[in-house]
Amino acid sequence: MNPRIYFDHSATTPLDPRVLTAMGPFLGGAFGNPSSLHQEGRAARAAIETARAQVASLIGAEPEEIIFTASGTEADNLALMGAVRASGRPGHVVTTSIEHAAILETCRFLAGSGTKITHLPVDADGLVSPQSLLRALQSQVTVVSIMAANNVVGTLQPIEELAHLTKLHDVLFHTDAVQAAGKISLDVNRLHVDLLSLSAHKLHGPKGIGALYVRKGTRLSPIVFGGGQERGLRSATENVAGIVGFGAAAAIAREELADEAIRLTEFRERIAKELSRSLPQSYLFGHPVHRLPGHISFGLRGQEREVGKLLAALDAAGVAVSAGSACSANHSGEPSGVLLAMGYDDERARGLLRLSLGRFNTEQEVDRFLEILPCAVAAFSPTNRYEPSHSLEALANFV
Ligand code: PLP
C-alpha cells in the first residue's frame, strides 16, 4: 500500500519533527509558569523569549513587537477590535471581500456596534487595486486590513504598495499573513505594515498558537482581560510548548524559505502544465504569477458540481486535497465567496479544487498525483462511457 499524499497544506501542515523535538521538554519536565520567579518559571520565560526572537526574525520585527495569541484567528480579532477600541470611536475598517472568516466575521461583529465597514473589490485574479484603496482613504479610516496571501486561490496582494498608501493618510495597516508567512519573504519594515497576523500550524508548527506583530507605538486595546501577560495585550498563562514550537518552526522556515519557494514553485508549474495538457477542460484560479509557491486552485468546465465526488475519489485513492478553504461552506456545494467576489458565476464558483504543497512533498508524489488525477476526473466525466464505479475500481489500483 502506498503512503498517502498530503496536498492540503493551506488547511494545516504536519508538525516538523525538529519542532516536536524542541517542544518535548515543555510538554514534560519543563512545566514552569513563565510568570513565576523561581527557577522553573525563569526557564519557561527564557524559552518564550527565545521563541519571540525567532518569530520576530521571520518577519524582520523586534522581539518586543510580537504578541503571542491562541491562533491566527485571535490575532486577526485583536488587530481589528484592538485598533477600533483604541481609537475610542466606532471607527471605519476598510478590508477586502476575499478575506478569511476571521476578518470578515470580526468586521460583521464590529458593524453591529456601529463601525463602518468598507469591502474593497478584487479583480478576476483576486487582486485589490490600489486605486480602490485610495478612494476609500478619502473618508476617515481607523484601520485597513488586507491579506498578504489568499487561502482559497493563492493570490498575493501588493502589500508594500497598498500599505504605503495608508501611511500617506496616517492610517493603520494590518495584514493577515497566516498563509504567506514561511512561504514568501516578509519584512514588516519594507512592507510598511503596523499589524501582521501569523499562525504556527500553517508553517509546520503546532496548532493553537498564533501571534500578532504590533509595530512599536501602535495604539491597540486588549480583547482578553486578566493577568496582563504579553504586555497587557493578551492576558492568560502562556502556552509555553506551543510558543517554543512556533519559534522553532519560524527559525526553520526562515532558514529554508528561499530553497523551498523554488522547489515548490517548480512542482506548482509542473502540475499546472500537466493539467492543461491532460485535462483540457481545466482552468486555473488566482493570479498566474503573483501567487503562493506551492498553491494551485483549478476548476473543470462542465464538472463543477462533481467536485465533492472528485475529492472523495482522490481521498479514496490516497490523496488529500481540498475544495476551497478548510472552513468555507464549499464542502456543502455552496459557491465560494472568494470566487464570487472575483467575478465567477455561481456554477464556476462551486467547482474549485485546491492543491497546496509543502515541505515534505516529493517529486515522486507529484508524479503519482498526476497519474491519479486524470483517472479520478474521468470517473465523473459526463462523457465517460463507463460507470464511475469501473473507473473507481481502476483508481483503487493506486492505493
Ligand atoms: N487567516 C487565514 C488567511 C487563514 O487561512 C487562516 C486559517 O485557515 C486563519 C486566518 C486562521 O488561523 P487559525 O487556524 O490559526 O485560527
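Start by selecting strand β3, residues 92-96, together with β4: the two pair in the parallel sense, over five bridges. You are looking at a predicted model, so keep that in mind as you click around. To find the register of this pair, pick His-92 and look across to β4, where Lys-116 stands opposite.

Now widen the selection to the whole sheet around that pair. This open sheet has seven strands, and reading across you should meet β2-β8-β7-β6-β5-β3-β4, with mixed pairing. Colour the two ends next: β2 (66-69) and β4 (116-120) are the edge strands, and because each has a single partner strand, one side of each is left without a neighbour in the sheet. Turn the view to see the twist, which averages 20 degrees from one strand to the next.

Keep the sheet on screen and add its helices. Select α3, residues 72-87. Packed on the sheet, α3 touches β2, β3, β5 (143-145), β6 (172-176), β7 (195-199) and β8 (210-214). Compare directions with β7, and you will find an angle of about 160 degrees. Then add helix α6, residues 159-168, which also packs on the sheet and touches β5 and β6. The direction of α6 makes about 155 degrees with that of β6.

Next stop: the ligand. Which helix gives the most to the shell around the ligand? That is α3, already selected, with three residues. Show the full shell of 13 residues, and highlight the ones that come nearest: Thr-73, Asp-176, Gln-179, Ser-199 and Lys-202. Colouring the shell by class gives two nonpolar, eight polar and three charged residues.

Zoom in on three of these side chains in turn:

- Thr-73: a polar side-chain atom sits 2.5 Å from a ligand oxygen atom.
- Asp-176: an N or O atom of the side chain is 2.6 Å from a nitrogen atom of the ligand.
- Ser-199: a polar side-chain atom is 2.6 Å from an oxygen atom of the ligand.

Switch to a surface view here. On its own the ligand has 390 Å² of accessible area, and the protein covers 89% of it.

For the last stop, move along the chain to another sheet. Select β9, β10 and β12, which form an open sheet of three strands in the order β9-β10-β12, with antiparallel pairing. Which strands are at the edges? They are β9 (282-285) and β12 (353-356), each pairing on one side only. Here the twist averages 30 degrees from one strand to the next.

Look closely at β9 and β10 (residues 295-300), which pair in the antiparallel sense over four bridges. Click Tyr-283 and follow the pairing into β10, where Gly-299 is the bridge partner. Finally, bring in helix α8, residues 240-278, which lies across β9, β10 and β12. Line α8 up with β10, and you will see the helix running at about 10 degrees to that strand.

Conventions: Residues numbered from 1 in each chain as written. Predicted model: local features only at pLDDT ≥ 70, side-chain atom pairs only at ≥ 80, totals over all residues. Heavy atoms only, no water. Near = heavy atom within 4 Å. Polar contact = N/O pair within 3.5 Å; in protein donor to acceptor, adjacent residues only side chain to side chain. Areas by Shrake-Rupley, 256 points an atom, 1.4 Å probe, with all protein chains shown as cover. Nonpolar A, V, L, I, M, F, W, Y, C, P; charged D, E, K, R; others polar. Pairing = 2+ DSSP bridges. Axes fitted to C-alpha atoms, helices over the stretch in contact; angles between N-to-C directions. Contact = heavy atoms within 4.5 Å.
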